[in-house]
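Trainee: I would like to learn how to read pockets and cavities in a model. Can we go through one together?

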Amino acid sequence: MTSQTDVVVQGIRDLIIEGRLRPGDRLPVEKDLAEALGVSRNPLREGVRALSAMGVLETRRGDGTYVTTLDSSLLLAPMGLVVDLHDRSGAHHLHAVRRILETEAAGLAAQSIGPDELAAADLILGRIEAELTNGEPDHEAIIDGDIAFHLVVAKAAGNPILAALIEALGGRTSRDRLWRSISQHGADEATHTEHRSILAALTAHDSDRARTYMAAHLFAVEDYLHQRPPSEDPLPE
């Protein structure tokens with residue numbers, strides 16, 4: 001049996017799909033919307049809260065509730081919760097999905113990446129390189145740079161849904177990448193070399209090499225997780 005909350009969620013969803021509510025529009029006042037959907041006010045509030053958690057609506061204190069921009073990154077953000085709750089013993093499965101997505105993103109990016117994006121990627125790698133020359137590199141800063149580099153590539157692919165998926169997965173795999181960075185000797189240097197190869201392929205607009213280098217780079221992380229699953233060892237100090 002469909003609950004009244006589900007009726008609200010489906011009803012507002014239909015209003016958006018039909019174009020009667022557009023991104024940035026303010027929802028009708030609570031009384032009118034509840035009557036239009038045939039529900040009482042409590043289920044309406046629950047439905048609005050649910051849609052807010054999904055990134056579809058946002059409530060502005062003292063100003064009402066609005067449809068968000070419906071940007072892909074907002075709508076896919078709840079997927080991060082699913083990833084967070086995933087059993088860490090299956091981390092290699094998560095990284096395999098990430099590899100599949102990012103390999104294709106690299107190939108697409110090689111076709112359309114522009115000078116500004118190439119410069120941004122090069123700047124990020126330059127900062128990582130500088131960090132690697134320190135006697136005691138900041139591993140968290142290196143991983144932050146790693147995530148930023150991959151996000152530049154993802155966005156350069158020109159597919160906002162693909163970029164949003166990669167962004168959601170990238171942040172959720174950071175702990176595993178940090179774990180490898182700290183515990184595996186030479187991992188940071190090897191990763192940096194792989195990033196440089198990816199950037200060279202992107203600069204040459206060589207899709208085949210970009211895909212190949214990205215896949216090889218991400219296979220290295222998967223192989224490490226197979227050898228030393230995160231569930232077996234705590235994050236090194």
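Mentor: Start with the lining of the largest pocket: 6 nonpolar, 3 polar and 5 charged residues. Ala, Val, Leu, Ile, Met, Phe, Trp, Tyr, Cys and Pro count as nonpolar, Asp, Glu, Lys and Arg as charged, and the others, including Gly, as polar. This is a predicted model, where local features need pLDDT of at least 70, side-chain atom pairs need 80 or more, and totals for chains, interfaces and linings use all residues. Residues are numbered from 1 along each chain as its sequence is written, and side-chain values use heavy atoms, without hydrogens and water.

Trainee: How is empty space found, and what is the volume of the largest pocket?

Mentor: Rolling a probe the size of a water molecule over the atoms shows where empty space is left. On a 1 Å grid over the protein atoms alone, a cavity is a set of points where a 1.4 Å probe fits but cannot get out; a pocket is an open set with protein on both sides within 12 Å along at least five of seven lines; lining residues have an atom within 4 Å of a point. Points are joined across faces, edges and corners, and the volume is the space filled by probe spheres set on them. Here the largest pocket has about 260 Å³. It has 14 lining residues, and Glu 30, Val 48, Thr 59, Gly 64 and Thr 65 are the closest to its centre.

Trainee: Which elements give two or more residues to that lining?

Mentor: Helices H2 (30-37) and H3 (41-53), with strands S1 (57-60) and S2 (64-67). Helices (H or I, at least four residues) and strands (E, at least two) are DSSP runs, numbered from the N terminus. H3 gives the most, 4 residues.

Trainee: How do S1 and S2 run, and how many bridges join them?

Mentor: Strands pair if DSSP finds at least two bridges between them. S1 and S2 run antiparallel, with 4 bridges. Thr 59 stands opposite Thr 65 in S2, and both are among the residues closest to the pocket centre. The two strands form a hairpin with 3 residues between them, and Gly 62 in the turn has a positive phi of about 80°.

Trainee: Now the closed space. How many cavities of 30 Å³ or more are there?

Mentor: There is 1. The largest cavity holds about 140 Å³. Of its 17 lining residues, Ile 143, Asp 146, Arg 177, Arg 180 and Thr 191 are the closest to the centre. The lining divides into 6 nonpolar, 6 polar and 5 charged.

Trainee: Which helix gives the most to this lining?

Mentor: H11, with 5 residues. H8 (139-156), H10 (174-183), H11 (187-203) and H12 (207-227) each supply at least two.

Trainee: Why does the span of H11 agree with its number of residues?

Mentor: The expected span is 1.5 Å times one less than the number of residues. H11 has 17 residues, so it should span 24 Å, and its end C-alpha atoms are 24 Å apart. H8 has 18 residues and reaches 26 Å, close to the 26 Å expected.

Trainee: Which residues of H11 are buried?

Mentor: Buried means under 20% relative accessible area, exposed over 50%, partly exposed in between (1.4 Å probe, protein chains only). Among them are Asp 188, Thr 191, His 192 and His 195. In H8, the buried residues include Ile 143 and Asp 146. Across the chain, 42% of the 237 residues are buried.

Trainee: Where does a positive phi follow these helices?

Mentor: Just after H11, at His 205, about 55°. Just after H8, at Gly 158, about 85°.
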